Amino acid sequence: MSVRADTASAGAGRKPLRADAERNRRRIVDAARELFASRGIDITLDDVAAHAKVGVGTVYRRFSCKEELIDGVFEQRLEEMLAHAEKALQADDAWDGLVMFLESLCQGISADRGLNDVVMGNDEGCHGIAQVREKIDPFVEKIVRRARESGQLRADVEVNDFFPLIGMVGAASEFTCSVEPANWKRYFTLVLDGLRAEPGAASDLPGRAFTSEEILVAKTAMHRRKR
């Protein structure tokens with residue numbers, strides 16, 4: 001049974017929320033989505049309540065813990081990631097399929113720190129996310145194996161090598177976001193060149209190297225975010 005079907009079955013036995021309760025729930029989810037995107041998932045339900053301009057009790061009536069809220073915000077995002085993986089596996093060229101999937105993933109985590117935390121974190125307490133991830137993993141393994149068997153991906157690269165590589169791009173995105181958010185693509189391109197079985201001529205790098213002054217701005221901004 002699919003995740004959507006499971007959700008529908010579980011919801012069938014519950015009374016629909018009153019209009020005002022549903023508005024509050026929507027406000028809470030929207031506020032959480034904004035905070036997760038800008039600050040990551042290391043926030044509290046009190047933070048969400050303040051951002052949504054509702055009482056803390058209202059948040060706890062809708063979501064008993066932060067993990068439930070994370071599920072509510074990111075389960076659909078992982079469903080979208082699953083769709084990208086399915087599409088990548090259907091690409092005519094195996095390397096293009098691998099790049100297509102990795103680029104869509106890195107694009108997502110570059111725009112949403114919370115999604116980066118979910119992708120790189122564990123699923124403890126997040127049952128919906130865990131179910132979708134179980135669906136995604138076999139597709140990712142097939143995408144990587146197909147690219148390797150085509151002779152375009154290095155023969156010594158394993159699927160689990162991609163977690164630290166994605167983490168590297170995520171870190172580059174966090175570093176560059178205060179100066180030029182799209183500049184993560186420059187470092188993504190460098191990662192791709194390192195994955196090729198036959199590197200050949202280096203790819204043209206998008207974006208640009210930051211100036212010394214911009215590096216200082218990026219360092220300062222990152223330091224402030226971590227305080």
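**Exercise 1.** Determine whether F188 is buried or exposed, and classify its ring pairing with W184.

*Solution.* At a relative accessibility of 5%, F188 counts as buried, where buried means under 20% relative accessible area, exposed over 50% and partly exposed in between, with a 1.4 Å probe and protein chains only. This is a predicted model, in which local features need pLDDT of at least 70 and side-chain atom pairs count only at pLDDT 80 or more, while totals for chains, interfaces and linings use all residues. Residues are numbered from 1 along each chain as its sequence is written, and side-chain values use heavy atoms, with hydrogens and water left out.

Next, take the partner: W184 is buried as well, with a relative accessible area of 1%. Rings of Phe, Tyr and Trp (its six-membered ring) pair if their centres lie within 6.5 Å, and planes under 30 degrees apart count as stacked, over 60 as edge-to-face and the rest as tilted. The ring centres of W184 and F188 are 5.8 Å apart and the planes stand at 65°, so the pair is edge-to-face.

**Exercise 2.** Classify the pairing of F36 and F74.

*Solution.* A search of the whole structure finds two aromatic pairs. For F36 and F74, the centres lie 5.5 Å apart with the planes at 35°, so this pair is tilted. Both F36 and F74 are buried.

**Exercise 3.** Which residues is T58 in contact with, leaving aside neighbours within four places in sequence?

*Solution.* With contact meaning heavy atoms within 4.5 Å, T58 is in contact with N24 and I28 once those neighbours are left aside. T58 itself is buried, at a relative accessible area of 13%.
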